[in-house]
Structures are given as structure tokens and as C-alpha cells.
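Got your viewer open? Let's take a walk through this one, one selection after another.

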Amino acid sequence: MYPASFEYHPAASVQDALALLAKYGDEPKLLAGGHSLIPVMKLRFASPAHLIDIGRIPALSAITDGGSAVHIGATARHASVVSSPVVRQKVPLLAEVASHIGDPLIRNMGTIGGSLAHADPAADLPAAMLALGATLVATGPAGTRTIAADDFFTDVFTTALHPGEMLTEIRVPARGAGSGGAYEKNPDPASGYAIVGIAAQVQVSGGTITAARVGMTGLGPKAMRLAAVEGALTGKPATAATVAAAAAHAADGLVFVDDARGSAAYKGNLARVHTRRALARALAAATA
Ligand SMILES: Cc1cc2nc3c(=O)[nH]c(=O)nc-3n(C[C@H](O)[C@H](O)[C@H](O)COP(=O)(O)OP(=O)(O)OC[C@H]3O[C@@H](n4cnc5c(N)ncnc54)[C@H](O)[C@@H]3O)c2cc1C
């Protein structure tokens, strides 16, 4: 199916994009990689009258070392995140998660900001943002504000972005000694999206887990942190027994339904198994 007709506007700068957003009111959509928006338009689930292309703003795709955090422009492609030396060195979990997105074509076109703004409940990157404690930078008519990843994903395909705002940057705290992360994903065999994806980042000091953040995607209406798992890790010895005990809480408080992807019992088991695997690898990386 073809999308409904629309007017195409290449934005030359963030200010240009914001001005176009303001000019066309409710009618425009930002276009980044187009790998979520265009399929939705072809299915006529969305028919924006104006597309504002932000994929041609050079400064918006930069990945830079900000010292205590890695700064990633909103239109950085998934492939650029995977191959970035600064990402691989300072936040290896993010490179690992991005490498699980779709296939090379998707990773060469899709952008980090597009994925986060789209907020697909089965997308990979939201889990990483939660596990890494990232901060998202939104720019709008009133200026720039920062949003903690914990507050960004509000519901199915819904975020804390206001109308007229756009994501401009993602800041991911750099990891140092004693920190380790891992991502375990069970992909849907047809789409490649996560049936479940667990991103875990732990900090270990003197044989004790001093901090843990675990983000889950795929099994809920939005990406979420697994608070019961995190609580069962923090302050405990960095051992396989701690991991097993914590992973047993992976489905606590979650309600699953039987559907084409599996029974509710199967999904609960998937959550526990993938949490255990992600935590085991994260601990191994933290103590290597
Ligand atoms: C076949 C296929 C397989 C895929 N597999 C996976 C997978 O396994 N895992 C996964 O996570 N994803 C997967 N994806 C999605 C892919 O990662 C998309 O690239 C991503 O979700 C959207 O990024 P984009 O840059 O293409 O955004 P677009 O499609 O251009 O935009 C998506 C939405 O975000 C808005 N938007 C874009 N940029 C911004 C911004 N800076 N600020 C505010 N709003 C913005 C747009 O207006 C639109 O509403 C797949 C896609 C396809 C087509």
C-alpha cells in the first residue's frame, strides 16, 4: 500500500525543524530514519500532511565523549552507535543492545532518537536507556529540557515529549571499573523485535553488588525497570546464587496474557530465564 500524499520539508537545522513543527500545527511528523514511520504511513495508520526530514542535519548525528557521559545526537544511526569507539569503550551495553536491532539495512537507516521517540513496547533501545540511567534531551519552542529515561516512556507508543518538541540528544553515563552490562533478547522469529529483552547493568565493589539497574522490553505496554530484581541484587554478594535468587523475581507484578507469542506461563519463564542470563554475563563483565 502507498502512503497518503504529503509535503516533504528537509530541515537544515534544529531551529528550522522546530519552526516547521510550529508552522504546521497538528499536521506534521518528524522523519528520521523512516523505518517505523514509513511502514505506519503505508498502512495508513498515520497520514501526516507534512514530513519534516531531520535526517540531514549534520550536527544532530554526532557521537561525542562528554567525559562523565557519552553524548549521542538524536539522528545517530543504530550502526553508528554499534561501531562508535567511544560507545564501545564507555557504554558497551549500548553498543551490544543496538547490534540486536533488526538487520544491517535497519541499523544503517534507523536512528536512536527515532526509536526512542517511537517507543515501541518491543523495541530494544528503551531497555538499554533504563538500565544505563540515560538522560534524554528535548528541544522545543520554550528551549531545551532534560528527561530521565525512567520518566520518558509513559505508555504504549507514548513518551513524555510535548507537542512541538523533538529529541535532540541522548546522554548516557560513562561506565568505569567494576561495572558490567549485558543484553539478552528472545526475538520474534518473524519481525526480529523482542518478545523479551533484558538489559542489565551492575556495579561491583569488593565482591558486593553496590548498584544494579535492569530494563525490560517486550513483555509489557512499555519498557520498564524490574524493581524487585534490582532490590534483590543491591548489597548482596556478586555470586551465581544471588543472580538466581534475583532473577526469580523477574515477573513480579507483571500480568501476562496468552496470545500468538505464547502462554502467560511461558512469558513469565522467558522473563526469569533471560534476566538470569543477562545478570550472569553482566556480573562476569563487572568482575573480569
Ligand atoms: C523490518 C524492521 C525490523 C525492525 N526490527 C527492530 C528490532 O529488532 N528492534 C528495534 O528496536 N527496532 C526495530 N525496528 C525499528 C527500527 O529500529 C526503527 O529504525 C526505529 O524504531 C525508528 O527509528 P527511525 O529513525 O527509523 O524513526 P522514524 O521512522 O523516522 O520515526 C519514528 C517516529 O519517531 C518520531 N521521531 C523521529 N525522530 C524523532 C526525534 N528526534 N524527536 C522526536 N520524534 C522523532 C517520528 O515522527 C515518528 O513518529 C525495525 C524496523 C523494521 C522496518
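**First stop: a strand pair**

Select Val202 and you'll find it opposite Ala212 in S13. Strands here are DSSP E runs of at least two residues, and helices are H or I runs of at least four, numbered from the N terminus. Now colour S12 (residues 194–205) and S13 (residues 208–217): they pair antiparallel over nine bridges, where pairing takes at least two DSSP bridges.

A quick note on what you're viewing: it is a predicted model, where local features need pLDDT of at least 70, side-chain atom pairs need 80 or more, and totals for chains, interfaces and linings use all residues. Residues are numbered from 1 along each chain as its sequence is written, and side-chain values use heavy atoms, without hydrogens or water.

**Widen the view**

Add the neighbours, and you get an open, antiparallel four-strand sheet in the order S11-S12-S13-S14. S11 (179–187) and S14 (224–225) are the edges: each has a single partner strand, so one side of each has no neighbour in the sheet.

**On to the ligand**

Which residues come nearest to the ligand? Of the 31 around it (a heavy atom within 4 Å), select Leu30, Gly34, Leu37, Thr111 and Asp124. Helix H7 gives the most to this shell, with four residues.

Next, look for polar contacts (N or O pairs within 3.5 Å). The side chain of Thr111 has an N or O atom 2.6 Å from a ligand oxygen, and a polar backbone atom of Gly33 is 2.8 Å from a ligand oxygen.

Methods:
A polar contact is a pair of N or O atoms within 3.5 Å; within protein, one must be able to donate a hydrogen and the other to accept it, and residues adjacent in sequence count only if both atoms are side-chain atoms.
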